[in-house]
Amino acid sequence: MSVMNREAEAEMITEQAVLSALATIQDPDLRRDIVSLGFVKGLRIDGGTVAFAIELTTPACPVRDQMKEQAHRAVLSLPGVKAVDLTMTAQVRATRSEQKDKLVPLVKNIVPIASGKGGVGKSTVSANLAVALAKLGARVGLMDADVYGPTIPTLMGAGTPPTQRTPAVSYGVKIMSMGFFVPKGEATIWRGPMLSKVVDQFLGGVEWGELDYLLVDLPPGTGDIQLSLCQKIPLTGAVIVSTPQDLAFNVAEKAILMFQKLRTPVLGLVENMSGFECRHCGQREEIFGS
């Protein structure tokens, strides 16, 4: 009788029942359930085993593990389900625009990293974001648009690429920077029109290939390069970097206002150098206040 009951329970597992269970799980950012968003892929039912994939819009989803646990628990609670075979994948969606498709057709999203004030660690944040996204499985490029003070080649430990059209590759990230082409000991002394040409060259003249994200390390301030980038191509959104002092925050505010005026969404603000832990006693020190 118990064997018959188990077989009957297995027969009760339907695709609709599984989808109804998964529909209780919401994406916290999009505020819709994962079924109506089309995240559930390849649903298969084999006896008491239910297999499916959840395809997110980015491998960097902050609730990826939480969503996986919720989905596993929801399906496993259904009568007759003995095992759940769940795979988490990601398919980065592209920001569509005519200008972007002409200039960089194979790049899905362009995200500038900006700061109002120099010295807040913007390039370090850019490098870490790029490497973190690449480690999560995204195809990433890092464009160093800080013409006067390019530091990305040093931060990424990248060697000079063979041509001005071929990006260097380090830690799985494609990299292009003026730092590769300016001889050591020389300074870049250019006016606005030349800076605009660099943006054109780095966007349309570099063979980036297929990228999920092209991160752009901008120079400090709200000058020619920022305006050129925002006006030439629609951006997915900007990341602002600041340190905790009022001095830095007040200048970062100007960068936020600039992107708002140029109709570029601000994805968030990174507070860098907020403090450190003493490696001897473990006490946290807030160098610049909080």
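## Surroundings of Phe-181

In this predicted model, Phe-181 makes contacts beyond its neighbours within four places in sequence, and the partners are Pro-161, Thr-163, Gln-164 and Met-176. A further spatial relation involves Thr-160, which lies 21 residues from Phe-181 along the chain, with 8.0 Å between the two C-alpha atoms.

Phe-181 belongs to the loop that runs between strand β9 and helix α7 (192–204). The residue is classed as partly exposed because its relative accessibility is 28%, a value that falls between the limits of 20% for buried and 50% for exposed.

## The seven-stranded sheet

Strand β9, which precedes the loop of Phe-181, is part of an open sheet of seven strands. Their order is β8-β9-β7-β10-β6-β11-β12, and the pairing is mixed. Strands β8 (168–170) and β12 (266–271) form the edges, each of them pairing on one side only. From one strand to the next, the twist averages 25°.

## Pairing of β6 with β11

Strands β6 (residues 107–114) and β11 (residues 238–242) run parallel and are joined by two bridges. Ala-114 has Ile-240 of β11 as its bridge partner.

## Helix α5 on the sheet

Helix α5, covering residues 122–135, packs on the sheet. The strands touched by α5 are β6, β7 (140–144), β9 (173–177), β10 (211–217), β11 and β12. Relative to β10, the direction of helix α5 makes an angle of about 170°.

Technical notes: Residues numbered from 1 in each chain as written. Predicted model: local features only at pLDDT ≥ 70, side-chain atom pairs only at ≥ 80, totals over all residues. Heavy atoms only, no water. Pairing = 2+ DSSP bridges. Helix = DSSP H or I, 4+ residues; strand = E, 2+ residues; numbered from the N terminus. Axes fitted to C-alpha atoms, helices over the stretch in contact; angles between N-to-C directions. Contact = heavy atoms within 4.5 Å. Buried < 20%, exposed > 50% of the residue type's maximum accessible area, 1.4 Å probe, protein only.
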